[in-house]
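Let's walk through this structure together, one piece at a time. Have the sequence and the 3D view at hand as you read.

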Amino acid sequence: MSWGAPLTSGLPEEVYTSPIFTALAGLSCANDCGFCGIKQRMELEPNRYAGKGKSAILYPEHYLAFYRVMRDTRGARSALMVGYDPFGPDNIARETSFALMDETLADGNYFSAVTSGVGVDDEVIERYARHERATLFFSIDDVWDNHDRLRKNPGLFEHCDEMIGRMCNHNLDDQIIVTSIMFANEDLTRLRAVLEWLSEIAI
């Protein structure tokens, strides 16, 4: 397990220097992070999806088609899920993540996902346990109640702490990366708290 690593961590050089298929699926999130660029864009364009219904939504088959084009024409050897929680309550995002994971790994390629921890459960852990080429990034910006206030989601940090512990119990340490969002005008208090927590759990 590592901290603060780039989103290409866990990939061999010949993979991260090739195109990476990057996807954002779903239209909802369980968190309400004030720093979320996706949320800010949606607020600036409130009518972008209004009244469009299913025509505004991409489904797993669409993402798989895009990935195959990237794989076959550009030599993409990995897929990365970002943005809204890939395994969260938005069923389309979860189904898309699982579909992309299954296909990229079946190809002998690599899969990564960035999560706040929402939706990470035993099913997700079991899938990661079957594939050493899959990496899970936990976005953790502070600890305990401070982190939950940033994400406006009570109990989220405790859930992350529990899920990371379960993954470590499955010997998935090398497939976990903790990443933190920091801002240029703040001190390192939050960063120190995260690093101390990682030390306490012996990672």
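**From the cysteines to a buried strand**

Cys33 is buried, with a relative accessible area of 6%. Keep in mind that you are looking at a predicted model. Where is the closest cysteine sulfur to that of Cys33? It belongs to Cys29 and lies 6.1 Å away, which is too far for a bond. A disulfide is a covalent bond between the sulfur atoms of two cysteines. With a cut-off of 2.5 Å between the sulfur atoms, the count of disulfides comes to zero. Cys160 is another cysteine to find in your viewer: its relative accessibility is 0%, so it counts as buried.

Now turn to strand E4, residues 110-115. How many of its six residues are buried? Six of the six are, so the strand is largely enclosed by the rest of the structure. In a regular strand the side chains alternate between the two faces of the sheet. For E4, both faces are covered: Tyr110, Ser112 and Val114 are buried on one side, and Phe111, Ala113 and Thr115 are buried on the other.

Which strands pair with E4? One of them is E3, residues 78-81, which runs parallel to E4 and is joined to it by four bridges. Within this pairing, Ser78 stands opposite Tyr110 of E4. To get from E3 to E4, the chain passes through helix H4, residues 91-106, in a right-handed β-α-β crossover. E4 also pairs with E5, residues 134-139, again in the parallel sense, over five bridges. Here Ser112 has Thr135 of E5 as its bridge partner. The chain travels from E4 to E5 by way of helix H5, residues 122-129, and this β-α-β crossover is right-handed too.

Let's pause at the loop between H4 and E4, where you will find Asn109. Is this residue buried or exposed? Asn109 has a relative accessible area of 8%, so it is buried. Its side chain makes a polar contact with the side chain of Tyr67, at 3.0 Å. Leaving out residues up to four places away in sequence, Asn109 touches Tyr67, Arg71, Ala76, Arg77, Ser78, Thr104 and Arg133. Ser78 in that list is the residue you met opposite Tyr110.

Helix H4 itself holds Ala93, which counts as buried because its relative accessibility is 1%. Which residues does Ala93 contact, apart from its neighbours within four places in sequence? They are Ala25, Gly26, Met81, Asp85 and Pro86. Try placing Ala23 in the same view: Ala93 and Ala23 are 70 residues apart in sequence, and their C-alpha atoms are 9.8 Å apart in space.

Our last stop is helix H5. At its N-terminal end, Asp121 acts as a cap, with a side-chain oxygen 3.2 Å from the backbone nitrogen of Glu123. Further along, Val124, Ile125, Arg127 and Tyr128 of H5 are buried. Looking down the axis of H5, you will see that its buried residues fall within an arc of 160°, so they line one face of the helix. What covers these residues? The cover includes H4, E4, E5 and helix H7 (156-169). That brings us back to E4, the strand whose six residues are buried.

Conventions. Residues are numbered from 1 along each chain as its sequence is written. This is a predicted model: local features need pLDDT of at least 70, side-chain atom pairs count only at pLDDT 80 or more; totals for chains, interfaces and linings use all residues. Side-chain values use heavy atoms; hydrogens and water are left out. Buried means under 20% relative accessible area, exposed over 50%, partly exposed in between (1.4 Å probe, protein chains only). Helices (H or I, at least four residues) and strands (E, at least two) are DSSP runs, numbered from the N terminus. Two strands pair if DSSP finds at least two bridges between them. A crossover is right-handed if, with the strands pointing away from the viewer, the path from the first strand over the helix to the second runs clockwise. A polar contact is a pair of N or O atoms within 3.5 Å; within protein, one must be able to donate a hydrogen and the other to accept it, and residues adjacent in sequence count only if both atoms are side-chain atoms. Contact means heavy atoms within 4.5 Å. The arc is that of the directions from the helix axis to the C-beta atoms.
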